[in-house]
Amino acid sequence: MLGELAEIARRDRGLFPRPGPDLPGRLRDALGVLDLRARDVRVERRWTGAGLDGEELSWTVGFGPRTRAYLLRPRGAAGPLPGVLAMHCHAGMKWAGKDKIADGPEPPAPEIACLRDRLYGGRAYAGELARRGFAVLVHDVFAWGGRRFQLDPGPGPDASEPDRYDRAARDHEHVLAKTCTLLGTSFTGVIASEDLAAAAYLRSRPDIAAVAAIGLSGGGVRAAVLGALDSGVGAVVVAAAVSSFRDLREEHVAAHSWMLFPPGLTRLADWPGVVACRAPAPRMVLYAAADPLFPATGMRRAHRQITDAYRNAPGLYAGMFFDAPHRFDRTMQDAAFAWLAETAGGGPRR
């Protein structure tokens, strides 16, 4: 039944048109992007360790708890550095945000260590990227970590509080998506608005030379959307988050967050068109060929579409396929870090 409905919708609603140069502006309107700013920025604490100088920052965007963020730099680095906004993933874990991919002054909780083992090769990759010559900002975002909601996790004597919270948060996400739509924005749009505010803050710092973005899965969606909306973001790395929408089946749709499905997007472009809409700005897409969350046909179609979008900008799109499930492992990270060093700066620090 859904297949027949899809054919009627494609015919009557003009889905997946070829994007034009006005896509960034139309996307901003469709997502319902809000004018948020990082205000009253504070340095909460500083630390040094593991070859890094770290700052814990906080700011307000005008609603909800203060945003918490880590800014990581190579230890003792002098002068402006290329900046990278590293986006934490969704991963069905809203109890934590930035801590999924970045270490603060304390060791990670057991739940976070397990998630890193599963998705990131056991590495807090934001710190490794910083050690290679970048200033890396990782921030909590709407509904995650310090920006999470006060939900009743309910009983569960055999589960930890984070696990019980995440079960409650999964059931709450559709409420957030519906509420955002009622308010004339979208779940994706609110998250993008906070990411835009973080990128503007990072650019405003005198110790930052330029701004790039990187992320896995839901973090990759965030990086792609930020790159589409913000012309001040240069290089973007998207890991395990790109497929043509037209190839998704029910099981793929069911596996993803509302973040990937803002209302009206498919009438503007297919998802690869969003990823590529700022060509010739540098883009890298890392495809996990054994990823059960995306169809292989959709990933291959996406690669062809993005390659075509960059036909007049040879070398500025890098699409790489890895024989891997849904993850951003060390091999993929090393490829991404090397590409960022070439396209966004960064020194030979290790």
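In the predicted model, long-range pairs dominate the contacts of the protein chain: among contacts with a separation of 6 or more, 72% are between residues 24 or more positions apart. The protein chain holds 11 helices and nine strands. Its radius of gyration is 19 Å, close to the 20 Å that the globule rule gives for 350 residues, so the chain is as compact as a globular protein of that length. Along the principal axes, the C-alpha atoms occupy a box of roughly 60 × 55 × 40 Å.

Burial and surface composition were examined next. Of the 350 residues in the protein chain, 53% are buried. The accessible surface amounts to about 14,800 Å², and carbon and sulfur atoms contribute 53% of that area. The protein chain carries 45 positive and 39 negative charges, and the mean positions of these two sets lie 4 Å apart.

Among the helices, α6 comprises residues 187-204. At 1.5 Å a residue, its 18 residues should span 26 Å, and this agrees with the separation of its end C-alpha atoms, which is 26 Å. Helix α6 is also mostly covered, with 15 of its 18 residues buried.

Several features of the backbone were then considered. Most residues other than glycine have a negative phi, and most peptide bonds are trans. Against this background, the peptide bond that joins Ala279 and Pro280 is cis, with an omega of about 15°. Pro280 is located in the loop between α9 (271-275) and β8 (283-288).

A positive phi is found at Asp40, which is not a glycine; the angle is about 50°. Asp40 belongs to strand β1, which covers residues 39-49. The relative accessible area of Asp40 is 43%, a value between the limits of 20% and 50%, so this residue is classed as partly exposed.

Ala143, likewise not a glycine, has a positive phi of about 90°. The residue is placed in the loop between β5 (135-139) and α5 (161-182). With a relative accessible area of 1%, Ala143 falls under the 20% cut-off and is therefore buried. Thus, of these two residues with positive phi, Asp40 is partly exposed, whereas Ala143 is buried; Asp40 lies in a strand, and Ala143 in a loop.

Methods
Residues are numbered from 1 along each chain as its sequence is written. This is a predicted model: local features need pLDDT of at least 70, side-chain atom pairs count only at pLDDT 80 or more; totals for chains, interfaces and linings use all residues. Side-chain values use heavy atoms; hydrogens and water are left out. Helices (H or I, at least four residues) and strands (E, at least two) are DSSP runs, numbered from the N terminus. The radius of gyration is taken over C-alpha atoms; the globule rule is 2.2 Å times the number of residues to the power 0.38. Buried means under 20% relative accessible area, exposed over 50%, partly exposed in between (1.4 Å probe, protein chains only). Contact means heavy atoms within 4.5 Å. Accessible areas come from the Shrake-Rupley method with a 1.4 Å probe; for residues, only the protein chains shown count as cover. Lys and Arg count as positive and Asp and Glu as negative; His and the chain ends are not counted. The place of a charge is taken as NZ of Lys, CZ of Arg, CG of Asp or CD of Glu. The expected span of a helix is 1.5 Å times one less than its number of residues.
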